[in-house]
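Please describe this structure for a reader who has not met it before, beginning with the pocket and then turning to the sheet.

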Amino acid sequence: MKIEIGDWQIRSWLNEDEASLVKYANNRAVSMNLRDAFPYPYTQRDARDWIRTVSRQVPESQWAIASGEEAIGGIGLQLGDDIFRRTAKIGYWLGEPFWGIGIATRAVEEVTNYAFSQFDLDRIHAEVFEWNPASARVLEKAGYCLEGRLRRRVIKAGKTIDCFLYAKIREQ
């Protein structure tokens, strides 16, 4: 998969992305806003294992956010199953040098459109930690609506915190 978003692109992860993945993922400021399954420190082995795992996914649901030269972040969907089969959770991250310039918003918009066109989904949602208003703004700019505050939902870095639930519903 490859989607052009101006000077950037959303594309499949490649083996040659290992070095840039470590370069940008091995940052506590990045990992603090993601699930604990996203390791810190982020090692070469973590990058190799990630790329190997996602390259085997069917359907493909995890992608690199990249410049023309390297991967600078990631975006993906966790597709629901059983009674949640028409929903997905979206998640994304960028290397810190690329924060605040609109890349994440464009990536969320494009992956959301792609997901609604390629999968039988009615709803895509995301959860944002209370200390990450920038990520909440990304979702709002991409057309997601705040549905509520989930109180004491997350344990991160030894703290129990709230998170915000955002969702976008397929246009009828």
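The lining of the largest pocket divides by class as shown below, where Ala, Val, Leu, Ile, Met, Phe, Trp, Tyr, Cys and Pro count as nonpolar, Asp, Glu, Lys and Arg as charged, and the others, Gly among them, as polar.

| Class | Lining residues of the largest pocket |
|---|---|
| nonpolar | 28 residues |
| polar | 13 residues |
| charged | nine residues |

This is a predicted model, in which local features need pLDDT of at least 70 and side-chain atom pairs count only at pLDDT 80 or more, while totals for chains, interfaces and linings use all residues. Residues are numbered from 1 along each chain as its sequence is written, and side-chain values use heavy atoms, with hydrogens and water left out.

Of the 50 residues lining the largest pocket, Asn33, Leu34, Gly91, Tyr92 and Trp93 are the closest to its centre. A pocket here is an open set of points on a 1 Å grid over the protein atoms alone, where a 1.4 Å probe fits, with protein on both sides within 12 Å along at least five of seven lines, and lining residues have an atom within 4 Å of a point. Strand β5 gives the largest share of this lining, six residues; helices (H or I, at least four residues) and strands (E, at least two) are DSSP runs, numbered from the N terminus.

Eight strands form an open sheet of mixed pairing, in the order β1-β2-β3-β4-β5-β6-β8-β7, where two strands pair if DSSP finds at least two bridges between them. At its edges lie β1 (2-5) and β7 (145-156), each of which pairs on one side only. Strands β3 (residues 62-66) and β4 (residues 71-79) pair in the antiparallel sense over five bridges, and Ala64 has Gly74 in β4 as its bridge partner.
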